[in-house]
Every structure is written in C-alpha cells, then in structure tokens.
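Let's take a walk through a protein model together. Keep the picture open beside you and look things up as we go.

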Amino acid sequence: ESIPPRLRDHDVFELSPTFLRSGASMVGQYDERVKSLIEILRAHRKVILFVDEIHSLLRSGLHEKGPFSEANEAFKGVLGSGEITCIGCTTRVDYRHYIQPDRALARRFTEIFLEPPSPEATVSILEARLPRLRQHYAPLLIPETILQPTVALTEDYLPSRYQPEKSIRLLDAACAYCVTEKPPKAEVTKDELWKALEKTIGHSIARSEGLTEDGVFAQLSGKIIGQDETLRRIARAFVAGLGGWTKSSGPRGVFFFCGPTGVGKTETALLLARILGGGREALVRVDCNALHGSSHDLEPLKNRLLGVPPGFLGYVRGQGGILSRVRDLPEGIILFDEIEKAAPGLAKLLLQMLDDGRLEDTDGDLLDFRRSFIIFTTNAGCQYDRKRIGFEDPARERPESPRVDVEALKSELRAIGYGEEFLARVGHFFDFRGLEREAVERIVAVQLAQLVGAAQKRGYRMSWDARIVNHLSSEWQPRFGIRHLTAILLNRISEQLSVAEAQGELKGVVEIRLQVMALDDAAKGRDLAGLTRHERDGETLIINLA
C-alpha cells in the first residue's frame, strides 16, 4: 500500500554494468547487446531498469574513448527520448567525476541525494536485522541492549563511513569474534564491539576511562625533562578532550606549544600521538616550512594540504594532500610544526577545521577532524638573554635561559598575519620554558645511560668519571636547547667510538671509559671537540673529553 497506485504494476530489474561487457571480445558484440537491451525496454514500458554504480556504464567520452563508448552514446540517446525508465545509483564523487562533466548526460537524470539515516533510525534498522543475525550465529545471544552502543561507537570512531552499513558491519564482526573465540562466548558484549572496532581501524584505541591525568603526565614527564608544570597542564587538557563532557562540533582540542627551540615541544606532540594511538604513532605532521603562499593566494596551500584540483598537473584521484591522511588516522594528532614559518593565508584555510572539525578535499570528500587534537608549535615570542650594559663580575655572570611570553607571541603572530579570528579558536597556550642547569644535568645523565645500553648490546662495559656530567653540562648554551646537548655528546663521544670502530681499535676491548682531559691555559680557548682523543690501554678504550 505504500507504493503509489500508478507504480504497482511496474517491475524493477537490476542490470549489472559488467554483464553487458562480459565475454564481448568481438568487435560489435557489445553494440548488439546494448541494442537488444534497448529494444526490450522499449517493448516493455512498465519495466524500470536499476543500475548500481551507473557511472561505470555511462562513462563520459570526456574521460575515455574505447570499444564500448559508442554503444554507451546510443544508450544515452534513448535515455533522452523518454522511451525507457532508468534509475542509476552512484556516489557523489563518481557523479562529479564521470557524469557531471557531460552536461547532456547530466540533464537526462534528476538528482536525488540520499543522506545517511540518523543514529535513531539506524538502531531501528539493526532491530529489523536482529532476527537474521540471531539465526545465523545461533546459539549466540545478541541482546537488543547492544544495538545502541554499536551505533554510538561507529558514530564516534568511524566518522568517514556512513550509516547503517558501518553499524551493521561492526555488529556482525563482534558476533564473529564471539563464535570464533576459544571457548566461544555465549553473549555479545561491549568488549567484543571494542575488539571489532580496533580491528576495523587498524590500531588500539585510547579509551577515556583508561586514561587519567596522572597517567598521561607520568608518560610525558618520563621522556620530557624540565617541563613538569607545563606537562601537568597538557595532561589535564588532553584527558578532558577525551572525556566529551563539553562536546562540540570541532576537534577534541586545539593546543599551541610555544617556547624556545629544543625544549620538547615536538617530542611532546609525538608522545601524545603514541598515547592516542595505543602505542602506535597516530600523527599527521605538517612541516610549515613547506607551506608557501600569501594571505591572498591560497592555492599553493590548498594544493599542499588538500590536494591538487582535478584537471591540474599533479592531480591523483583519491590521493588528496597531507591532511587527507586523517582518513587513515581519525584518532590522532594533527601537528603543524613551526607555524610562524608558514604563509599567513594558512589561518584562513584552517578556520573551518578549527570550528566544525571538517574540511573538504579536492575530490569533494569530507575530512573529519572531530576525533583529532590539533597542535601548533612555534618559537615565536621567545626572549633570549641579551648583552649586559655596565660593569659586572664575569665570574658571577651566567647565561639566562630563554623564556616565552604568550602575549608577545600573540603580538608577533598578529604582525605576521594571523588575526584574532584564528587566535580566538586556540583552546590552550602552553609555554615551554628554557632548560635550567639541573634539567640539563639530568638529560646528560639519561643520554649517557643510553650510550651504556648501546655499548652493552655490542658487548662492552662503559664507565665514566664522576665529573663527566658536570663537564658536559658546562659546555651547553641555553639558547640552543636539547639539540645542543645531543651535538656535544655526538662530537665528544659518539664520534670517537665510530672512528675507533672503523679503524679496528675496538677488537679485544672489554671496557670503554670516559674521563675528563686536563687542559692547559693555551688549549682552553681552542675547539674543544677537536681536542677530544681516544687511546687504547690493554682491554680498555679511554676517551679523554676536552
């Protein structure tokens, strides 16, 4: 009764696009098949032809010319005459790519856009399918109470897919896990839904109930030294973003990591990506050095981030740009590293992403960032030590650690071209401070411990003079951050070990010992890295550090 009276005596037949082409190896054979199909449809006016993936049948001559294109043109001509009734089904992307460029073909169809059902309607669809699932997986118990969590999980964690298919597939996969486990489960529970979801996504998921502020802080502070206060604030904001009490249409969080170079900003983002990816690095990194353009011409930025438009050199259908990787990592960190080096037009391009959590790529597909954290890092706004004016005891003079002022940072970004509409969308500004001497000594100790581990793997013992940590720390310059420490160890220790290994001097060595070299006054002003030496003493290799 739901069918209108004028349509009740009509029949619907489905045509597979490959059916006509299958086996048509001889010239003209495909044309004959299409001609026969047209004659049948003309003779039976109450037959409605349904073609799924119709774009593969009616590909426009603008895209390809082949042995089937002439017959397709004849079929399109009949469509225009109104002698047959045809319903075609395709995606919006394929419609825009294959059908819309041929305006004559596009006019022959009335576009009807079908939207995915709402979560409530999807639950009803699952209820209708429940008897068949129960029959297929009997004697497995599939309670109706599992349907609502199924839809909720797919809405949250599979934003790039559509209902009801994603919920049907998730529930089906969870049932399959239950019956294949040893021993088989008697009932589908939310645990099986999580397992099926993680298998679908391809990695484990950081669940909000399993992450605490103290736990995230412990993981961050175990790697990042000297930033405990900032890391505590980051851990709180990160866990709050996972919770969803104040859900909005935008990303889970928008953070700005500001501070001098080499203090752990990028490394903190990497650690958060591993936490969010359950140990796997769920990170999309955008190097802002490569984002050239201006505040008026956004095309270079769009090409880099969202992909080259169709018809332009470099376009690859379905590839997109850097941000298109969010389709593979919907639960991840989007890191814009050193944003002050990007063209100021980037701010205009990102406004929609920061507001709605969505952007459209060059293929017309929506990129969903609602399960992501957006992190910007910058060195702007840092204040370094300056030369003092006046008289001061040189012995008491110590280089000051660089520091960052958030207001100075905002002023500098405004001067570059990042306006208030961009800065207002940043949820948190986290300032990373310059390293203090105590933190530097801890970092040196950690790096030496890593050298010990590397030596043990090669079969050597390693020991060092107690003065080594203080000696190496004294050579560090605050304005250069941790990278300067790494360079010091590389130039003073790793380089000597590599040279000794290359020259065969480690054969028969059992122990490697590090010690501080005594320098005379004449040598103190020379390149210390060049003065570092190594020598062999029996089964011990001694590295004398300048």
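Start with a pair of helices: H10 (residues 213-221) and H12 (residues 265-276) pack at an angle of about 130°, and their axes are 10 Å apart. That angle makes H10 oblique to H12. The crossing of H10 past H12 is right-handed. If you zoom in on where they meet, you'll find Val216, Gln219 and Leu220 on the H10 side, and Thr268, Leu271, Leu272 and Ile275 on the H12 side. Keep in mind as you look that this is a predicted model.

Now zoom out for a moment. The protein chain has 20 helices and 16 strands. It is 546 residues long, and 44% of those residues are buried. Of the contacts in the chain with a separation of 6 or more, 71% are between residues 24 or more positions apart.

Two residues from our helix pair turn up again in the largest nonpolar core. Of the 58 residues in this core, Val216, Phe238, Phe257, Leu272, Leu448 and Ile493 touch the most other members. Which helix gives this core its largest share? Helix H17 (residues 437-457) does, with eight residues. Let's pick out leucine 448 and see what surrounds it. Leaving aside neighbours within four places in sequence, leucine 448 is in contact with Trp464, Ile468, Val469, Leu489, Ile493 and Leu514. There is also a second, separate core of 43 residues, and among its members are Val286, Val326, Leu329 and Phe376.

Val286 takes us to our next stop, as it is one of the residues that leucine 323 touches. Leucine 323 sits in the loop between helix H13 (299-306) and strand S6 (333-337). Is this loop residue buried or exposed? Leucine 323 counts as buried, because its relative accessibility is 1%. Not counting residues up to four places away in sequence, its contacts include Leu305, Leu306, Ile334 and Phe336, along with Leu359, Leu367 and Phe369. You can also compare distance along the chain with distance in space here: leucine 323 and arginine 304 are 19 residues apart in sequence, and their C-alpha atoms are 8.7 Å apart.

Next, find another helix pair, H6 (residues 119-137) and H7 (residues 147-157). Their axes come within 9 Å and cross at roughly 130°. That makes H6 oblique to H7, and the crossing is right-handed. From H6, the contact is made by Pro119, Thr122, Val123, Leu126, Glu127 and Leu130, while H7 brings Leu147, Gln148, Thr150, Val151 and Glu155. As you trace the helices, remember that an α-helix has 3.6 residues a turn, so residues three or four places apart point the same way.

A little earlier in the chain is helix H4 (residues 92-99), where Val93, Asp94, Tyr95, Tyr98 and Ile99 are buried. What do they pack against? The buried residues of H4 pack against helix H5 (103-107).

What about cysteines? A disulfide is a covalent bond between the sulfur atoms of two cysteines. How many does this structure hold? The answer is zero. Take cysteine 178: the closest cysteine sulfur, in cysteine 175, is 6.3 Å from its own sulfur, and that is too far for a bond because a disulfide needs the two sulfurs within 2.5 Å. Cysteine 178 is buried, with a relative accessible area of 0%, whereas cysteine 89 is partly exposed at 32%.

Finally, let's look at some backbone oddities. Most residues other than glycine have a negative phi, and most peptide bonds are trans. Against that background, look at the cis peptide bond that joins glutamine 163 and proline 164, with omega about 0°. Proline 164 lies in the loop between H7 and helix H8 (165-180). Another cis bond joins lysine 182 and proline 183, with omega about -5°, and proline 183 is in the loop between H8 and helix H9 (190-201).

Phi has its surprises too. Glutamate 53 has a positive phi near 55°, and you'll find it in the loop between strand S2 (47-52) and helix H3 (69-81). Its relative accessible area is 35%, so glutamate 53 is partly exposed. Glutamate 338 also has a positive phi, about 55°, although it is not a glycine. Look for glutamate 338 in the loop between S6 and helix H14 (346-356).

Definitions and conventions. Residues are numbered from 1 along each chain as its sequence is written. This is a predicted model: local features need pLDDT of at least 70, side-chain atom pairs count only at pLDDT 80 or more; totals for chains, interfaces and linings use all residues. Side-chain values use heavy atoms; hydrogens and water are left out. Buried means under 20% relative accessible area, exposed over 50%, partly exposed in between (1.4 Å probe, protein chains only). A nonpolar core is a set of buried Ala, Val, Leu, Ile, Met, Phe, Trp, Tyr and Cys residues joined through side-chain atoms within 4.5 Å. Helices (H or I, at least four residues) and strands (E, at least two) are DSSP runs, numbered from the N terminus. Contact means heavy atoms within 4.5 Å. Axes are lines fitted to C-alpha atoms, for helices over the stretch in contact, and angles run from 0 to 180 degrees between N-to-C directions. Angles under 35 degrees count as roughly parallel, over 145 as roughly antiparallel, 65 to 115 as roughly perpendicular and the rest as oblique. A crossing is left-handed if the near helix is turned anticlockwise from the far one by less than a right angle, and right-handed if clockwise.
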